[in-house]
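Reader: Please take one helix of this model and look at it closely, setting out its length, what it buries and what lies over it, and then place it within the chain as a whole.

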Amino acid sequence: MENASKALIIAGAILISIVLVSVGVIVVQSLNPDEALSSMSQQEIDSFNSKFTSNAGNNRQGTIAKSVISAVITNNSQYMDDTSRQVKITTVGLSSDAREITDPNELTPVRNAIVTTARYDINFTVNTKTGLVDVITITKK
């Protein structure tokens, strides 16, 4: 009987130590979000970027520019608490020039200001640290 009770005590101590180590790992990851972001696979980064880069180019239709801004609005609403995944929009030739906008509520009027029959250059900048699209510049032709 003594050996059985000691074995149960040892097993309980091992389980408690495993739980403590797991909690410690979770706490360390939550304190360092950049480290968690860097653990994204290249496929995840490419998937994130493709939402924005697939429509990049010169002399694009206004409907494409609107769809890019809509994708940014959706993305920024989804990652409201994670600024490292928010994408900024800068416009040139529209009423709100030279200002990087991330707030979805402020991006809606920018999207509405895009003329569907006009032509736009859509360029993007990638953050060198994370590899994610950081800024999209839309220039009216």
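Author: What follows treats one helix and then the chain around it.

The model is a predicted one, in which local features need pLDDT of at least 70 and side-chain atom pairs count only at pLDDT 80 or more, while totals for chains, interfaces and linings use all residues. Numbering runs from 1 along each chain as its sequence is written, and side-chain values use heavy atoms, with hydrogens and water left out.

Helix H4 covers residues 62-78, and because its 17 residues should span 24 Å at 1.5 Å a residue (1.5 Å times one less than the number of residues), the 24 Å between its end C-alpha atoms agrees with that expectation. Its buried residues (under 20% relative accessible area, 1.4 Å probe, protein chains only) are Gly62, Ile64, Ala65, Val68, Ile69, Val72, Ile73, Asn75 and Asn76. The cover over these buried residues of H4, counted by contact (heavy atoms within 4.5 Å), includes helices H3 (42-53) and H5 (104-113), together with strands E1 (57-61), E2 (88-92), E3 (119-126) and E4 (133-140).

In the chain as a whole there are five helices and four strands (DSSP runs of H or I, at least four residues, and of E, at least two), and along the sequence they follow the pattern α-α-α-β-α-β-α-β-β. The chain is more spread out than a compact globule, because its radius of gyration, taken over C-alpha atoms, is 23 Å, well over the 14 Å that the globule rule (2.2 Å times the number of residues to the power 0.38) gives for 141 residues. Along its principal axes the C-alpha trace spans about 85 × 25 × 20 Å, and buried residues make up 28% of the 141 residues.

Methods. Buried < 20%, exposed > 50% of the residue type's maximum accessible area, 1.4 Å probe, protein only.
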